[in-house]
Amino acid sequence: MLDITVFDGVHNTNKLDEKYSWEGICDLFEDASQKHWGRGDKLKHLAYIPGRLSGPRSAANVVHISFGSYDIDVAGTHPDYIDFPTMRSKLDAMGVAYVLATSTKSLVTDHRYRLMLRFEQPVPVEHHASMWHHMN
């Protein structure tokens, strides 16, 4: 089971500690992706930390990260840009468990999206920064 801390919007500090299977995480984000929110309204809806918190919402209170959650916001003109279908093909070829979802910034010619990767085990917060840099 994977830990996820959920908030009803980015400004809400009342957390809900949840445990989901990877399939449950996929279902959670599939349900959220079916809702059509305007860019200004997205801040009022599902916000999450992909792990466990000890205390109020703050990076300093993260205990561990259960799965990776990465925004792919590189502009289409950037040399490192990877469009959505190409990223999906690369992930499928690697055989990893993932969720890939477009963001409200995404355009037909300039894909912006979020990549979530399943971890085999929780990553302690002290290792998260080096892991995040490696992913980038």
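Student: In which helix does Trp132 lie?

Tutor: Trp132 belongs to helix α3, residues 125-135; helices (H or I, at least four residues) and strands (E, at least two) are DSSP runs, numbered from the N terminus. This is a predicted model, in which local features need pLDDT of at least 70, side-chain atom pairs count only at pLDDT 80 or more, and totals for chains, interfaces and linings use all residues. Residues are numbered from 1 along each chain as its sequence is written, and side-chain values use heavy atoms, with hydrogens and water left out.

Student: Is Trp132 buried, exposed or partly exposed?

Tutor: Buried means under 20% relative accessible area, exposed over 50%, and partly exposed in between (1.4 Å probe, protein chains only). Trp132 has a relative accessible area of 37% and is partly exposed.

Student: How should the sheet be read, and in which order do its three strands stand?

Tutor: Strands of a sheet pair through backbone hydrogen bonds, either parallel or antiparallel. Here two strands pair if DSSP finds at least two bridges between them. The order is β2-β1-β3 in an open, antiparallel sheet. Strands β2 (16-20) and β3 (46-49) are at the edges with a single partner strand each, so one side of each lacks a neighbour in the sheet. Strand β1 (residues 2-8) pairs with β3 over four bridges, and Val6 stands opposite Tyr48 in β3.

Student: Which residues does Thr5 of strand β1 contact?

Tutor: Contact means heavy atoms within 4.5 Å. Leaving aside neighbours within four places in sequence, the partners of Thr5 include Leu16, Tyr48 and Leu53. Thr5 is buried, with a relative accessible area of 0%.
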